[in-house]
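This briefing covers charge pairing, internal space and backbone geometry in one protein model. Please keep the sequence and the structure in view while reading, so that each residue can be located as it is named.

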Amino acid sequence: MLSEAAKTLWAKSEKDGAWHPLLAHMLDVAACAEAILEREPEKTLELYAGDLNLPPEQAKAWVCALAGLHDIGKASPAFQQKWPAGKERVWQAGLTWTTPPTAPPDDVSHSAISEAVLPDLLEARGWVRRAAENVAAAVGEHHGFRTAQQDLDSVTGKEKGRGAWDEVRRELFEAVLEVLGVGEAPGVCIYGGAAFERLAGLTSFADWIGSSLEFHPLGDDLAGYYRKAKERAGKKLDEIGWFRREPLLREPKGLEEVFSYLGTPEEPFRARPLQREVERLLQGARGPAMLLIEAPMGEGKTEAALYAHLRLQAANQHRGLYLALPTQATGNLMFERVKAFLAQLGSERKPDLQLLHGASELQESYQKIIVRPNMPSQNEEGVEAQVWFSHRKRGLLSEYGVGTVDQALLGVLPTKHHFVRLWGLGNRVVVLDEVHAYDTYTSGLIEALVRWLHALDSSVVLMSATLPRVKREALLRAYGAEAWDEACYPRISWIQKGERKAHATSFEARPQPTLTLRPTRLEIENLERSALEQARLGGCVACIVNTVQRAQELYQRLVDNQDGIEVSLFHARYPLEERLVRERAVVAKFGKEGQRPPKAILVATQVVEQSLDLDFDVMFTDLAPIDLVLQRAGRLHRHQGRERGPHTEPVLWVAGLEAEGVPGFGDAERIYERYVLLRSWLALKHRTQIALPDDIDRLVQDVYSEEPPRLPEEEEWKKALKEAQEAMNRRESRDRDEAFYAAFGLPNQTKWLEPPSFPGLPDDEPNPDDDPDLLHTRKGSPSATVVLLHKVGNRVCLDDAGREEASFASKLELSQAKRLFARSVKLSRWELVQNSFQALREHRKAQGLPAKPWSETPLLAHAHPVVLEGGRAVLGELVLELHPELGIVYRR
């Protein structure tokens, strides 16, 4: 039986005077935690049991009780003062104070009070003090961030209350434990690392669900209330689409059977050597594992990773899959493949599949499968996307997801509710594609993520065309390897959790044509002349250059040719809708099913390196780091059976490879390390051919090896390499340190310290001028998302014809937001991003626009409007021009 004082404490209130007792809310959240765990694979509960050193059922009781106790800090003067009617009731019950607590808005957070009072209560129940403190910190951060030490120090007697307040908190504590039926305290446990994150993530998830339940009277039958709360929790989980996590395949199937849908009766699907090797390795899979697959393009790495997920999920009761890609474009393409894969497996219910990146609202195939509560679904596909999980913080809770690597990396950064993301990635298969495509800083974060995935009992599949040895070994170490076998390229390295040595095996790659390598000069006039010479012979020519400005200049030189050669331009500096149109046009001409023009040149930047399946007869590329040159070369004679006219042999022309003395690389040195460019130049200079796939690994290891390169005898070469290497080492050392200190702690920490924070990062939400998808997950130039609008008369419109006027309201309908977002482009020009986007703010003010337009519209909350007059806008000392063919052009 509860005392009257305990019954009067409130947790939530409504404007109409309705209120919810504190104990009722704590039991609601405990019931939600239990309902969630009962829909999880048994493996999840086993992990909690291991954390507490208790049998599974006892562990479940404790974990759910702890989740419920997250709000015990609301039993305090600091919180109970917030609602006048509630405060009056509490005073009448005898819970008073003589010294008033700090008044809002400077009041002490109830989560800090929970973290301050729980350790004593747990220690009195037999918990080890350090474990009790870590548990209290885990449940206390349910509002998104770990409580800072200065906030804990502010929990004084006047804030938490003494005497009767201590007694009522103890009464609530014991009531929750009794209703949950907890037994004795855990055995020897510290509750750091993965255990901490597991409890924090579950607590927040359960609190979100519990806080959405309708108010119900508590009554005296607490056990009866709890049973009904569990029923309500189950209905709410059904409503949001959180169903029991079941493996996709209950009985093993062969890889060719699984992917038979990719074949036809005339040409059935046949596994490639890589895929057969993955199938063989996983036949006896036991326990979480990491596979690191290095293979050329076109070897079927994606199908191998999807099949690995099936086998590892079945062996380990993993809850689902997340595929992390470098860009939104690659994420969109992978989403289509994963959707088809999940749809054909024919499970009893439709799997939930989320697309996770900042522009997912514009992906029509994703929007078509979204399911909203109380709305009949018209979706006839084999997958669905519950709208509750489409929220940015909740996406990784879904069973299946495809998106950018940034979404996963936010789980190891001190961003709000990072632990919910980590909880979603735990006991899961996580696939990271194109792991060679990241700089030192992001690669360091990926290593931190792999360490956490290892600690959280997840399996990991890493894929790359090839990796420098040092990066491969760093990733293996992150998953617990202390030693490793070597194998020839192409290769698979793998290790099971608990083992100390990683194994490796090679497989046969499909034969590819040997590339003829030809040097040419870097000057754009030379590139123009050579490209036209090749295109006049017939066929499709690609010119891949390193900067947008260089691409625009080359296009202008080529487009008015007198030879009837069709010239196209493609780069990232177009408004989004225009970029998508151009992307579709490029695929329609040069893709696998494309209608190839008889004579054509595509001028493009790095946008064609990874995301598009394109095929060219001859290629020109600016010199770039060797792995990127090889990635670009993968688009040369990519599809077999093409009619290529005189271009019977694939020829790769490298601009900048023909040079006297120590070469310079122009603006490319602002994008890539000069040292890597110099070593790539040395690796290619005396070659006349590249044999694929044999030379891929040889070249990459040659360029990225710590061994010094073979140098020309000229003294200037030694000086140039020494200076470039020293500059690179300084930057890489800084970036490695930043990545190490940015990531949120190490899984093996036993005392959970206050997390690091980024300068200028507020305590509640990211800076509105930061892109939430790239918040501290990448280095490089800062960027601004701008929405390009047009001044038509006295109106600001979406187009220069004035068909639709732009709205700058803080909250827009999704359809309005999508039309505006379609006019957006991401720009990194320094005049725009310097001084916290000062030029963009001044432009907004000069145009008479609101200071914070679209602030409550997620798709546009971080976007800056730019109003064009006659196709131009003056932004400080910079003139930005939107050209119909060139895209955005900068002029001084």
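Helices here are DSSP runs of at least four residues, numbered from the N terminus. On that basis Arg698 and Asp695 both belong to helix H28 (residues 694-704), and because they are 3 residues apart they are separated by about one helical turn. The model is predicted, and the points below are grouped by topic.

**Salt bridges**

- Side chains of opposite charge can pair when their charged atoms come close.
- A search of the whole structure finds 72 salt bridges, and three pairs that lie within helices are described here along with one network.
- In helix H28, the side chains of Arg698 and Asp695 meet in a salt bridge with an N to O distance of 2.4 Å, and Asp695 counts as buried at 7% relative accessibility.
- Glu294, Arg469, Arg472, Glu486, Arg491 and Asp697 are joined into one network by salt bridges that share partners.
- Asp166 forms a salt bridge with Arg169, with 2.7 Å between the closest N and O atoms, and both residues lie in helix H11 (residues 164-180), 3 residues apart, or about one turn of the helix.
- Within that pair, Asp166 is partly exposed at 31% relative accessibility, whereas Arg169 is buried with a relative accessible area of 3%.
- Glu4 and Lys7 make a salt bridge at 3.7 Å, N to O, and this pair is located in helix H1 (residues 4-8), where the two residues are 3 apart, about one turn of the helix.
- Glu4 is exposed, with a relative accessible area of 53%, while Lys7 is partly exposed, with a value of 24%.

**A buried acid without a salt bridge**

- Asp433 is located in the loop between strand E9 (429-432) and helix H21 (440-455).
- Which side chain of opposite charge is nearest to Asp433, and how far away is it? The nearest is Lys301, at 6.1 Å, and Asp433 has no salt bridge although it is buried; the cut-off for a salt bridge is 4 Å between a side-chain nitrogen and a carboxyl oxygen, so a pair at 6.1 Å does not qualify.
- Once neighbours within four places in sequence are left aside, Asp433 is in contact with Ala324, Leu325, Pro326, Met334, Tyr438 and Met463.

**The second largest pocket**

- The second largest pocket has a volume of about 1700 Å³, and its lining comprises 49 residues, of which Gly298, Arg337, Lys592, Asp613 and Arg638 lie nearest its centre.
- Helix H16 (301-316), helix H17 (328-343) and strand E10 (459-464) each supply at least two residues of this lining, and H17 gives the most, with 6 residues.
- By class, the lining of the second largest pocket has 18 charged, 16 nonpolar and 15 polar residues.

**Cavities**

- The structure has 7 cavities of 30 Å³ or more, and the largest cavity has a volume of about 80 Å³.
- The residues that line the largest cavity are Thr44, Leu47, Glu197, Arg198, Arg319, Leu422, Trp423, Gly426, Asn427 and Leu456.
- At least two residues of this lining come from each of helix H3 (42-52), helix H12 (193-210) and helix H20 (418-425), and the lining divides into 4 nonpolar, 3 polar and 3 charged residues.

**Backbone geometry**

- Most residues other than glycine have a negative phi, and most peptide bonds are trans.
- Asn427, which is among the residues lining the largest cavity, has a positive phi of about 50 degrees although it is not a glycine.
- Asn427 lies in the loop between H20 and E9 and counts as buried at 2% relative accessibility.
- Glu434 also has a positive phi, near 55 degrees; this residue is found in the loop between E9 and H21 and is buried at 13% relative accessibility.
- A cis peptide bond, with omega about 5 degrees, joins Pro104 and Pro105, and Pro105 is found in the loop between helix H6 (84-92) and helix H7 (110-124).
- Tyr489 and Pro490 are likewise joined by a cis peptide bond, with omega about -5 degrees, and Pro490 lies in the loop between strand E11 (483-484) and strand E12 (491-496).

Definitions and conventions. Residues numbered from 1 in each chain as written. Predicted model: local features only at pLDDT ≥ 70, side-chain atom pairs only at ≥ 80, totals over all residues. Heavy atoms only, no water. Buried < 20%, exposed > 50% of the residue type's maximum accessible area, 1.4 Å probe, protein only. 1 Å grid on protein atoms, 1.4 Å probe; cavity = no way out; pocket = protein on both sides within 12 Å on 5 of 7 lines; lining within 4 Å. Points joined across faces, edges and corners; volume = space filled by probe spheres on them. Nonpolar A, V, L, I, M, F, W, Y, C, P; charged D, E, K, R; others polar. Lys, Arg positive; Asp, Glu negative; His and termini not counted. Contact = heavy atoms within 4.5 Å.
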